[in-house]
Amino acid sequence: MENCDLCARYCRVNRLCSIRGAVCRTGERAVVYSAGPHHGEEDCLRGWRGSGTIFFSRCNLRCVYCQNWEISWQGEGQEASDEQLAQMMLRLQALGCHNVNLVTPSHVVAQILAAVRIAAERGLRLPLVYNTGGYDSLEALTLLDGVVDIYMPDMKYGDDTAAHKYSHVRDYVRVNQAAVREMHRQVGDLAINAAGVAERGLLVRHLALPNGLAGTEAALKFLAEEISSDTYLNVMGQYRPCYRADEHPGLERPISDGEFSEALAIARRCGLHRLDHGSGRP
């Protein structure tokens, strides 16, 4: 954190001293918006007792259509020490959650690792889910090797021009593909137990955008051909215009039923057959 390379922006800010110049605007302590059982995740994560989500504030992406912009852009939430983060994890376990689901974690990898060590020494045994926008550095992922059980990255775009325009990042496709490749190397395809709950592996999310702006075919073709045709995939049809989406032609309306059906058809044509049953329209 003294020369931060925890996400693919490589801002190199000394976050122990200042947040000036850091896109995530997060210093030595993580900021947490909420922590508790969540029943709206994929079937294999929520099970029947919920996924134990810890929602971190701020983000290393700047998506113009962000549905949680108050958290990701404005940073609503409270600072938490490593000890407090560990207590949250242990509380989620005590509540019976199936996993600890770390939401938007890319910029707080260091704090997560410190908290996990404390929690593990006190009996934490749940699988850890790394729920990310997919713009992660290989340096951070190396630190997480052997710690994270389930990687759940977004593959937001198959086109860098769209990524730059709508999420304000460069080289998203290259960075994202390298990250997903490393995640799969670490944990392999998603393993689900007899009760239907995920235990270890890779789960990918792709949010279909209106007018084909996400580059769905390119993203999913890479996933099927370069990662694994057995990749567990959630093609999401929940897009609706939020935050500043109406300022961008093409994003100012929800995705249509036909566009969502085509996104699912693309996944199948690419050879991806493990589609989340929760994939669908709201």
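**Exercise 1. Classify the packing of α3 and α4 in this predicted model as parallel, perpendicular or oblique.**

Step 1. Take the helices, which are DSSP runs of H or I with at least four residues, numbered from the N terminus. α3 covers residues 82–94 and α4 covers residues 109–121.

Step 2. Read the geometry. The angle is about 60 degrees, and the axes lie 8 Å apart. Axes are lines fitted to C-alpha atoms over the stretch in contact, and angles run from 0 to 180 degrees between N-to-C directions.

Step 3. Apply the classes: under 35 degrees is roughly parallel, over 145 roughly antiparallel, 65 to 115 roughly perpendicular, and the rest oblique. α3 and α4 are therefore oblique to each other.

Step 4. Add the hand. The crossing of α3 and α4 is right-handed (the near helix is turned clockwise from the far one by less than a right angle).

Step 5. List the contact (heavy atoms within 4.5 Å). α3 supplies D82, E83, L85, A86, M89 and L90, while α4 supplies Q111, I112, A114, A115, V116, I118 and A119. By class, 10 are nonpolar, 1 is polar and 2 are charged.

Two conventions apply. Residues are numbered from 1 along each chain as its sequence is written. Local features need pLDDT of at least 70, side-chain atom pairs count only at pLDDT 80 or more, totals for chains, interfaces and linings use all residues, and side-chain values use heavy atoms, without hydrogens and water.

**Exercise 2. Repeat the analysis for α8 and α9.**

Step 1. α8 (residues 216–227) and α9 (residues 257–269) pack at about 30 degrees, with axes 9 Å apart.

Step 2. α8 and α9 are therefore roughly parallel to each other. Their crossing is right-handed.

Step 3. T216, E217 and L220 of α8 meet A263, I266 and A267 of α9. This contact holds 4 nonpolar, 1 polar and 1 charged residue.

**Exercise 3. Find the residues that touch the most other members of the largest nonpolar core.**

Step 1. A nonpolar core is a set of buried Ala, Val, Leu, Ile, Met, Phe, Trp, Tyr and Cys residues joined through side-chain atoms within 4.5 Å. The largest has 55 residues, and Y65, Y151, L223 and L233 touch the most other members.

Step 2. Find the main contributor. α7 gives the most, with 6 residues.

Step 3. Look for another core. One of 21 residues lies apart, with A86, V100, V108 and A119 among them.

**Exercise 4. Is V108 buried or exposed?**

Step 1. Locate V108: the loop between β4 (100–103) and α4.

Step 2. V108 is buried, at 1% relative accessible area (buried is under 20%, exposed over 50%, partly exposed in between, with a 1.4 Å probe and protein chains only).

Step 3. Not counting residues up to four places away in sequence, V108 touches R15, T26, A30 and F56.

Note on methods:
Helix = DSSP H or I, 4+ residues; strand = E, 2+ residues; numbered from the N terminus. Nonpolar A, V, L, I, M, F, W, Y, C, P; charged D, E, K, R; others polar.
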